[in-house]
Amino acid sequence: MSTDLHPSIVALVSLAANVAASHPGQGLCQIERLKGYGVSREQIDTVIEIARHIRDETAQKLDASFDEAYAAHFAPQAADRLAAIAVSESGACCTPTASGKSCC
């Protein structure tokens with residue numbers, strides 16, 4: 001049994017990783033390969049949408065983490081600390097994209 005991935009899957013993964021990582025090349029080199037493998041524009045669009053969603057969600061979470069750590073540098077005095085405790089929202093590890101596509 002072969003464990004090699006089909007080249008179209010490798011190209012889709014590469015495209016998604018480049019987009020999600022904000023790589024300067026943006027994965028554009030994969031587009032012609034994907035077209036050559038018969039991957040539809042709709043499928044490529046879905047991969048790009050999911051990769052952008054993951055990238056944007058990651059940036060938001062990093063910003064929130066930074067903001068929390070930054071705020072800790074200006075923590076209130078002891079009497080006010082209980083009031084400053086943030087209540088975290090419990091949520092899914094992955095939210096759907098704007099068009100409702102799952103990234104999980």
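Visitor: Leaving aside its neighbours within four places in sequence, which residues is T97 in contact with?

Guide: T97 is in contact with E49, I50 and H53, where contact means heavy atoms within 4.5 Å. This is a predicted model, in which local features need pLDDT of at least 70, side-chain atom pairs count only at pLDDT 80 or more, and totals for chains, interfaces and linings use all residues. Residues are numbered from 1 along each chain as its sequence is written, and side-chain values use heavy atoms, with hydrogens and water left out.

Visitor: Why is T97 called buried?

Guide: Buried means under 20% relative accessible area, exposed over 50% and partly exposed in between, with a 1.4 Å probe and protein chains only. T97 has 6% relative accessibility, so T97 counts as buried. Its place is in the segment after α3 (41-72); helices here are DSSP runs (H or I, at least four residues), numbered from the N terminus.

Visitor: What makes L28 exposed?

Guide: The relative accessible area of L28 is 54%, so L28 is exposed. You will find L28 in the loop between α1 (7-20) and α2 (29-36).

Visitor: And why is R52 called partly exposed?

Guide: R52 has a relative accessible area of 45%, so the label is partly exposed. R52 sits in helix α3, and its C-alpha is 6.4 Å from that of V19, although 33 residues separate the two in sequence.

Visitor: How do you know that the span of α1 agrees with what is expected?

Guide: The expected span is 1.5 Å times one less than the number of residues. The 14 residues of α1 should therefore span 20 Å, and the end C-alpha atoms are 20 Å apart, which agrees.

Visitor: What makes the buried residues of α1 line one face of the helix?

Guide: The buried residues are S8, A11, L12, L15, N18 and V19. Seen down the axis, they fall within an arc of 135°, so they line one face; the arc is that of the directions from the helix axis to the C-beta atoms. These buried residues pack against α2 and α3.

Visitor: How many aromatic pairs are there, and why is the pair of F66 and Y70 called stacked?

Guide: Rings of Phe, Tyr and Trp (its six-membered ring) pair if their centres lie within 6.5 Å; planes under 30 degrees apart count as stacked, over 60 as edge-to-face and the rest as tilted. The count comes to two aromatic pairs. The rings of F66 and Y70 have centres 6.1 Å apart and planes at 5°, so this pair is stacked. F66 and Y70 both lie in helix α3, four residues apart.

Visitor: What makes the pair of Y70 and F74 edge-to-face?

Guide: Their centres are 5.4 Å apart and their planes at 70°, so the pair is edge-to-face.

Key:
Helices (H or I, at least four residues) and strands (E, at least two) are DSSP runs, numbered from the N terminus.
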